[in-house]
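Open the structure in your viewer and keep the selection tool at hand. Each stop below tells you what to select and what is found there.

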Amino acid sequence: MAHTKRKNDRKNDRKNDRKNTGRTGPTGASRARGERRALRREVPCTVGLLADEQDFAAMRRYRSFTFADHRRYLRQIDGLLRSLAGEGAHTAVALFDPEDFAEYCAEMGLDPDTAASRSRFTAHIASTGGAVLPYTGQPVAHLVPQLVNTAVRRATWEYATMTLAELGACADCGVDIGRASFDRASRLLTHLIERAGPGTHHIVCSVPTPDEQLLAALHVQRPPTGPARLDASESAEFVTVLAAGIALDSHGGVVLRTTGTDAPDRLHGWQLRDSGLAPLSEGQVFSAYCTDAHTGEPLSPEPGVEYRAGFDLGIEDADIHR
């Protein structure tokens, strides 16, 4: 009897072992998959995007790039972004430039006709501060113009920064012209915002240079009390472009559009002159807005808008040595 009992006990133990093993296997695999999914949410992802058909066509010369239609490609990108966001991962979109990609591959000794090289270049864009935007669920149709605008703003800022850096120091006094112009532009913007008063302000600076027309825009919220609210990056870009205009003694200008509650929008304008902003008259502001810049033909005034003279910024004159 004792022998039979021990035999039955061993048999039951083996059954229990098999049962436990059967449960533990799938449970362990499921746990591992869950852990990998959790880790995947910790890993940021950047997707390279070919914004226009010309860039898309340039990439089609690579055999490993299998897409044939730009619209279908954008739809697939849209689906990919939604899928990645659904996994909980932080996802960003980078503007993919084929010319920059080819140069990058040549410099790094990479074969450009591989998905790995394209992926590596996309990571390079994100790490070097290129045109990258976080994906927050917006459709690709909205992402494309946002990316292009980001790229233009970055190129404008880089050009203006390079212009200031190349000016060097004043031969007479040793003052760094770029730095002095930047400081001057910062003070001008501060006074402009202070004297604009409460409201929502949109400020645009336009500076012609020998190579291109520089444009910078700044959105400012000025509450009735407390400091103004503005984006730090936009502010730095605006000041840099304005500083380039000051340093080059450009015939550029600044326009301020103010939107308030229960009142028409107000437009004010200034012209860059003698390292400062000289107010334009009401007629000059009207003429600037109501004249086609390309043809010189008159344009109809915008309804619900008041064209006003620029106001004095209350800042002393400065002599920026060149």
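The tour goes from a sheet to a pair of helices, then to a single serine, and ends with aromatic rings. Keep in mind throughout that this is a predicted model.

**Stop 1: a sheet**

Select strands β1, β2 and β3. Together these three strands make an open sheet, in the order β1-β2-β3, with mixed pairing. In general, the strands of a sheet are joined by backbone hydrogen bonds, in either a parallel or an antiparallel way. Which strands lie at the edges? They are β1 (45-49) and β3 (132-134), each of which pairs on one side only. From one strand to the next, the twist averages 25°.

Now keep β2 (residues 91-95) and β3 on screen. The two pair in the antiparallel sense, over three bridges. To find one position on the ladder, select alanine 94: its bridge partner in β3 is valine 132.

Add helix α5, residues 115-127. This helix lies across β1, β2 and β3 and runs at about 105° to β1.

**Stop 2: two packed helices**

Hide the sheet and select helix α7 (residues 177-196) together with α8. A pair of packed helices is described by two values, the angle between the axes and the distance between them. Here the angle is about 120° and the axes are 8 Å apart. An angle of this kind makes α7 oblique to α8. The crossing of α7 and α8 is right-handed.

Next, show the side chains where the helices meet. On the α7 side the contact includes Ile177, Phe182, Leu188 and Leu189. On the α8 side the residues include Ser235, Phe238, Val239 and Leu242.

Zoom in on serine 235, which belongs to helix α8 (residues 232-247). Is serine 235 buried or exposed? Its relative accessible area is 17%, so serine 235 counts as buried, the limit being under 20%. Leaving out residues up to four places away in sequence, serine 235 touches Leu189, Leu218 and Leu230.

**Stop 3: a serine in a strand**

Select serine 206, in strand β4 (residues 199-208). Serine 206 has a relative accessible area of 21% and is partly exposed. Its contacts, not counting residues up to four places away in sequence, are Gln213, Leu214, Leu215, Gly252 and Gly253. Then pick histidine 251 as well. Serine 206 and histidine 251 are 45 residues apart in sequence, and their C-alpha atoms are 9.0 Å apart in space.

**Stop 4: aromatic rings**

Colour the rings of Phe, Tyr and Trp. How many aromatic pairs are there when ring centres must lie within 6.5 Å? The count is 12.

Start with phenylalanine 65 and tyrosine 73. Their ring centres are 6.1 Å apart and their planes meet at 55°, so this pair is tilted. Both phenylalanine 65 and tyrosine 73 are buried.

Move on to phenylalanine 286 and tyrosine 307. With ring centres 5.2 Å apart and planes at 80°, this pair is edge-to-face. The pair links distant parts of the chain, 21 residues apart: phenylalanine 286 sits in helix α9 (residues 282-289) and tyrosine 307 in strand β10 (residues 305-307). Phenylalanine 286 is partly exposed, at 36% relative accessibility, whereas tyrosine 307 is buried, at 10%.

For the last selection, take Tyr62, Phe96, Phe101, Tyr104 and Phe121. These residues form one aromatic cluster.

Key: Residues are numbered from 1 along each chain as its sequence is written. This is a predicted model: local features need pLDDT of at least 70, side-chain atom pairs count only at pLDDT 80 or more; totals for chains, interfaces and linings use all residues. Side-chain values use heavy atoms; hydrogens and water are left out. Rings of Phe, Tyr and Trp (its six-membered ring) pair if their centres lie within 6.5 Å; planes under 30 degrees apart count as stacked, over 60 as edge-to-face and the rest as tilted. Buried means under 20% relative accessible area, exposed over 50%, partly exposed in between (1.4 Å probe, protein chains only). Helices (H or I, at least four residues) and strands (E, at least two) are DSSP runs, numbered from the N terminus. Two strands pair if DSSP finds at least two bridges between them. Axes are lines fitted to C-alpha atoms, for helices over the stretch in contact, and angles run from 0 to 180 degrees between N-to-C directions. Contact means heavy atoms within 4.5 Å. Angles under 35 degrees count as roughly parallel, over 145 as roughly antiparallel, 65 to 115 as roughly perpendicular and the rest as oblique. A crossing is left-handed if the near helix is turned anticlockwise from the far one by less than a right angle, and right-handed if clockwise.
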